[in-house]
Amino acid sequence: MEERKQKVVVIGAGPVGSLAALYAANRGHDVEIYELRGDLRDPSTTPLNFTRSINLALSERGLNAMRHANQPRLIDYVMGVTIPMRGRMIHGKRPDGKLYEEAQDYDIHGRSILAIDRGDLNKRLLDMLEEMPNVTFFFNHKLTGADFKRNKAWFEVKDESTYNLRDRSREIEIDFDFMIGADGAHSAVRYHLMKFARMDYQQQYIDTLWCEFQIAPKADSSSSSAKSKFRISPNHLHIWPGKEFMFIAIPSEDGSFTCTLFAPAAIYEQLEADTTGTSIPQFFDKYFPGVTSLIAPADLVSQFQSNPHLPLISIKCKPYHFSSSVVIVGDAAHAMVPFYGQGMNAGLEDVRILFDILDKHDRMTNDDSSLEASQREIALAEYSAVRVPDAHAINDLALQNYIEMRSSVLSPVYRWRKALEEWLSVYVPSLGWQTKYSRVSFGNERYSEVVRKSEHQGQVLVRSLVGGVGLPLLVGGMWLWFRYKGAIGRAAYGVFYNFMGMVCRTIHGRRR
C-alpha cells in the first residue's frame, strides 16, 4: 500500500525554516511554507529587525545539518561563497600610541569558521524548494490563530489590496498534519503553543544595544588578488575590545565588512544626546583605535544616526512541542545573543536532530495514520527532552562569551588557559583535551556535553596544577619546548607528559 503523505506546514521562510521545509519535502511530504513578509528573495522585502545585516558565522554544526539535507548542490554552493575566518584579530593601541593587530587562532589545528551572506544562503534554499513539486510558498501570510488539538490554523493575508489601512485583511483557514514553527524570537507559533502546552518561558533583554556599520571595500584596488579589495584581513573576525563594550567586523565577498557596535544602553543615550555627532568619532578614537581610518568620521556619524539601535534578547522555554501536531525550532525555541556565533548553527542543527528522531520513530509505523501520529508524538517528546538542555547550554555560553570577547581576550589568564588546552590537545592527544570553543564550533557533540567536559577539564587543571608541582613543571616545560624545541624541550615535555598521565589516572580513579 502506498504511504500516506503528510501535510507539513512550516511557519517562517528564513534559513532554519527553509532547511526544515527541505528536509520534509525530501521525505515526500506535501510542504506549505507560510511567511509573514514578502518573498525574501526580493531586495525590497524589509527584514524583521529593519537592518541590512548580511553576515553569518557558519560552523561545523550548520554545515553538518546542510550535508544531511541530501542536496549536494547546497554544500557546493556554500563552500564556494564563504570566506574562512581562522581566528580573531584583536585591535588596540600600545602605551606609546602605536596601533597593533594581534591574531588569535580559533583552533590550533587550523580549522576555520565561515563567513556567509545570509541573504544569498536564504535565496539558494528558497530556490531549491521552488524546484520541488511538493512545496508551495505563501508569502505575506501572518499566523493569527492555531488549534493544535484539531490541527487547524488561521492566517491574515496581506496582498496589495490590503496595504491600505482602511481595508480589512482577508483571513484563511487551513488544516495540517504537522506544523514546524521557525518564525524567530517573537514567534507566533510559540505564542499559540503556550495555550496548549504547559510551557516554562524565560525572556531576558541584556543591557546591551547594537548598531550596524559598514567598512567599504578598497575603491582603487588594481591587483588581481581576491584579498586586495579588503582594507583589513578577510580571514579574521576583527574585534576592538572595550571591556564594557566592543566593536566587531566580519568580512563579505565584495570586500566590505559588516560591523557592529555592542554597548550598554547608557552609552547609546550619551551618543544619541549629541545631535551634532561630534562625540561619536571621539568615542571611537578613544575606545576603538584605528576604526576612523577604516570608516570616515562623517560616515560613522551618518551610519550611527540612520541605522537602528536594537536590543539583544535571550529566550529559553520548554517543551518545544505539543502532542503530535507542532514543534518549534531555531530562535522560536531558543533565541540567543550572537556572541558565540551559534544562533543559526543551533537552529540548523535543530532541524537535523528533529528529523533524525522523526525518522527513527517513522520506521516503527505502518500506513495507519493514527499510529503514525502516535509515533510522532513520542518522537516530539523525545526531541524536547534531548534538545532543551542543549539549547539552554548554548544560550548560557553565548551570554558568557560576550565577556570573553569584550575583555577576556586581553587577559593573560585567558590566554594561558587557551594556550595550555591547545598544547595538551596537540602534544598529549591521549588525554582527549580540547578547548570549549573547538568543541562547540568544530564538532557536533551535544552542547550540554561540551559544558560538562569543559568543566571537568577546569577541575583537572585546578587540582593538578595550582595545588602541586604541576604548575612549575608545566610552565617550565612549555617555555623550554617553545624556546628550544630540542633535547631539553623534549625532556621537559616528557616529564610533564608522565606527570599529567599520573594526575589524570589518579583523578579518574577517584571519580570511579
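Here are a few exercises on a predicted model, each with a worked solution.

Residue numbers start at 1 along each chain as its sequence is written. Local features need pLDDT of at least 70, side-chain atom pairs count only at pLDDT 80 or more, totals for chains, interfaces and linings use all residues, and side-chain values use heavy atoms, with hydrogens and water left out.

**Exercise 1: the overall picture**

Find how many helices and strands the protein chain has, and what share of its residues is buried.

Solution. Start with the secondary structure: the protein chain has 16 helices and 19 strands. Helices (H or I, at least four residues) and strands (E, at least two) are DSSP runs, numbered from the N terminus. Next, burial: 53% of the 512 residues count as buried. Buried means under 20% relative accessible area, exposed over 50%, and partly exposed in between, using a 1.4 Å probe and protein chains only.

**Exercise 2: a ring pair**

Describe how the rings of Tyr268 and Phe304 are arranged, and where the two residues sit.

Solution. First, the search: the whole structure holds 26 aromatic pairs. Rings of Phe, Tyr and Trp (its six-membered ring) pair if their centres lie within 6.5 Å; planes under 30 degrees apart are stacked, over 60 edge-to-face, and the rest tilted. Tyr268 and Phe304 come out as stacked, at 5.8 Å centre to centre with 15° between the planes. Now place them: Tyr268 belongs to helix H6 (residues 265–273) and Phe304 to helix H8 (residues 297–306), so the pair links distant parts of the chain, 36 residues apart. Both Tyr268 and Phe304 are buried.

**Exercise 3: two helices**

Work out how helix H7 packs against H8 and which residues meet.

Solution. Take the geometry: H7 (residues 279–287) and H8 pack at about 110°, with axes 8 Å apart. Axes are lines fitted to C-alpha atoms, for helices over the stretch in contact, and angles run from 0 to 180 degrees between N-to-C directions. That makes H7 roughly perpendicular to H8 (angles under 35 degrees are roughly parallel, over 145 roughly antiparallel, 65 to 115 roughly perpendicular, the rest oblique). Then the residues: Ile280, Pro281 and Phe284 in H7 meet Pro297, Leu300, Val301 and Phe304 in H8, where contact means heavy atoms within 4.5 Å.

**Exercise 4: a sheet and its helix**

Give the strand order of the six-stranded open sheet, then name its edges.

Solution. The order reads E8-E2-E1-E12-E19-E18, with mixed pairing. Two strands pair if DSSP finds at least two bridges between them. The edges are E8 (135–138) and E18, each pairing on one side only. Zoom in on E2 (residues 30–34): E2 and E8 pair in the parallel sense over four bridges, and Tyr34 stands opposite Phe138 in E8. Helix H1 (residues 15–26) packs on the sheet, touching E1 (7–11), E2, E8 and E12 (178–181), and its direction makes about 165° with that of E2.

**Exercise 5: backbone oddities**

Is Asn70 buried or exposed, and what about Asn151?

Solution. Asn70 has a positive phi of about 60° although it is not a glycine, and is found in the loop between helix H2 (60–67) and helix H3 (72–81). Asn70 is exposed, with a relative accessible area of 56%. Asn151 also has a positive phi, near 55°, in the loop between strand E9 (141–147) and strand E10 (152–157). Asn151, however, counts as buried at 16% relative accessibility.
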